[in-house]
Amino acid sequence: MPEAVAGDARLTGKLQQGAERLGLTLTSEQLRNLMLYLGLLAKWNRAYNLTAIRNTDEMVNLHLLDSLAISQHLGTAQHIIDVGTGPGLPGVVLAIMHPERKFTLLDSNGKKTRFLFQAKTALKLDNVTIVNGRVEAYEPPQPFDMITSRAFASLQDMVQWCRHLLADGGCFLAMKGQFPQDELDALPADIQLQSSLELEVPGVEGQRHLLRLVIGS
Ligand SMILES: C[S@@+](CC[C@H](N)C(=O)[O-])C[C@H]1O[C@@H](n2cnc3c(N)ncnc32)[C@H](O)[C@@H]1O
């Protein structure tokens with residue numbers, strides 16, 4: 001079944017065209033790995049309820065393309081943690097796109113991290129480290145340049161739970177739907193919004209925003 005999804009020419013074309021609309025030209029290896037990940041997600045989702053999205057067409061838009069939409073916005077960050085990654089969104093997609101960067105994928109849900117171990121092995125993602133646990137309690141061997149998150153927590157909780165993970169000069173890259181003005185207003189005074197980008201994701205209705213937050217002096 002993962003092979004059937006991964007080899008589906010229509011879904012592959014849809015992913016490739018969607019990526020092009022985002023300004024990305026996927027290599028054949030990236031395309032193959034993204035489709036293999038889709039196949040694994042669709043398969044294990046049946047047994048373990050990893051995501052509420054069950055339809056593979058919708059997964060292409062709402063999971064793969066939505067994650068790919070931030071692929072060009074990682075700047076120079078080399079050491080990245082995706083917090084509340086769930087089944088690896090956006091973390092696995094970014095790790096496929098950027099094999100030269102290191103990604104830590106963290107989630108407190110054991111079912112989801114067990115799936116991530118399967119995906120890491122199947123996709124040979126040597127640049128990925130998986131951590132099962134609550135982010136507040138995580139003590140990394142070294143701090144990160146960037147913290148990514150999608151559908152994780154309010155900005156206030158995210159900053160409170162994760163700021164100890166950031167290296168000096170590092171940033172948060174938070175994927176949000178509507179512009180979260182109320183969440184920004186509730187942030188501590190030393191957290192600054194460095195930039196906000198409105199993203200258009202093929203096949204995804206509603207607003208998408210990408211917020212870059214830094215810790216000020
Ligand atoms: C709504 S899901 C989003 C998953 C994925 N980022 C996505 O966009 O599909 C939120 C995830 O955050 C995880 N989570 C919530 N609080 C957490 C915490 N304090 N530490 C680690 N993971 C947490 C949950 O287990 C869940 O998998």
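**Close-up views of a predicted model**

**View 1. Pro90 and its cis peptide bond.** Pro90 sits in the loop between strand 1 (79–83) and helix 5 (91–97). The model shown here and in the other views is predicted. The peptide bond from Leu89 to Pro90 is cis. Its omega is near 5 degrees. Most peptide bonds are trans. Both Leu89 and Pro90 are touched by Arg150, the residue of the next view.

**View 2. Arg150, at the end of strand 4 and beside the ligand.** Strand 4 spans residues 144–150 and includes Arg150. Is Arg150 buried or exposed? Arg150 is buried, because 23 C-beta neighbours lie inside 10 Å and the cut-off is 20 or more. Leaving out residues up to four places away in sequence, Arg150 touches Leu89, Pro90 and Met175. Leu173 is 23 residues from Arg150 along the chain. The C-alpha atoms of Arg150 and Leu173 are separated by 9.0 Å. Arg150 is also among the residues that come nearest to the ligand.

**View 3. The shell around the ligand.** Which residues come nearest to the ligand? Of the 17 residues around the ligand, they are Gly84, Gly86, Ser108, Asn109 and Arg150. The shell is mixed in character: six residues are nonpolar, six are polar and five are charged. Arg150, from strand 4, belongs to the nearest group.

**View 4. Ala151, just after strand 4.** Ala151 lies in the loop between strand 4 and helix 7 (155–162). Its phi is positive, near 50 degrees, and the residue is not a glycine. Most residues other than glycine have a negative phi. Ala151 counts as exposed because it has 12 C-beta neighbours inside 10 Å, and the limit for exposed is 12 or fewer. Arg150, by contrast, counts as buried.

**View 5. Lys124, a second positive phi.** Lys124 is found in the loop between helix 6 (110–123) and strand 3 (128–132). Phi is about 55 degrees at Lys124, a positive value although the residue is not a glycine. Is Lys124 buried or exposed? Lys124 is exposed, because 10 other C-beta atoms lie within 10 Å.

**View 6. The largest nonpolar core, centred on Leu38 for this view.** How many residues does the largest nonpolar core have? This core has 60 residues. Those with the most contacts inside the core are Leu38, Leu64, Val93 and Ile147. Helix 3 (residues 28–48) gives the most to the core, with eight residues. Leu38 is in contact with Val5, Ala6, Thr56, Met59, Val60 and Leu64, leaving aside neighbours within four places in sequence. Leu64 thus appears both as a contact of Leu38 and among the residues with the most contacts in the core.

**View 7. Strands 1 and 2, a parallel pair.** How many bridges join strand 1 to strand 2? There are five, and the two strands run parallel. One pair is His79 with Lys102, its bridge partner in strand 2. Strand 2 (residues 102–107) is mostly covered, with five of its six residues buried.

**View 8. Strand 7 between two antiparallel partners.** Strand 7 (residues 208–215) is joined to strand 5 (residues 166–176) by six bridges. Strands 5 and 7 run antiparallel. Leu173 has Arg212 as its bridge partner in strand 7. Eight bridges join strand 7 to strand 6 (residues 191–199), again antiparallel. Here Leu199 has Arg208 as its bridge partner. In a regular strand the side chains alternate between the two faces of the sheet.

**View 9. Gln192 in strand 6.** Gln192 is part of strand 6. Which residues are in contact with Gln192, leaving aside neighbours within four places in sequence? They are Leu213, Val214 and Gly216. Gln192 is partly exposed, because 14 other C-beta atoms lie within 10 Å. That count falls between the limits of 12 or fewer for exposed and 20 or more for buried. Ser217 is 25 residues from Gln192 in sequence. In space, the two are 9.8 Å apart, C-alpha to C-alpha.

**View 10. Gly206, between strands 6 and 7.** The loop between strand 6 and strand 7 holds Gly206. Gly206 counts as exposed, because 7 C-beta neighbours lie inside 10 Å. Ile147 is 59 residues from Gly206 along the chain. The C-alpha atoms of Gly206 and Ile147 are separated by 24 Å. Ile147 is one of the residues with the most contacts in the core of View 6.

**Confidence, for every view.** The chain averages a pLDDT of 95. At least 70 is reached by 100% of the residues. The model scores ipTM 0.99 and pTM 0.97.

Technical notes: Residues numbered from 1 in each chain as written. Predicted model: local features only at pLDDT ≥ 70, side-chain atom pairs only at ≥ 80, totals over all residues. Near = placed C-beta within 6 Å. Nonpolar A, V, L, I, M, F, W, Y, C, P; charged D, E, K, R; others polar. Core = buried A, V, L, I, M, F, W, Y, C linked by C-beta atoms within 7 Å. Helix = DSSP H or I, 4+ residues; strand = E, 2+ residues; numbered from the N terminus. Contact = placed C-beta atoms within 7 Å. pLDDT = per-residue confidence, 0-100. Pairing = 2+ DSSP bridges.
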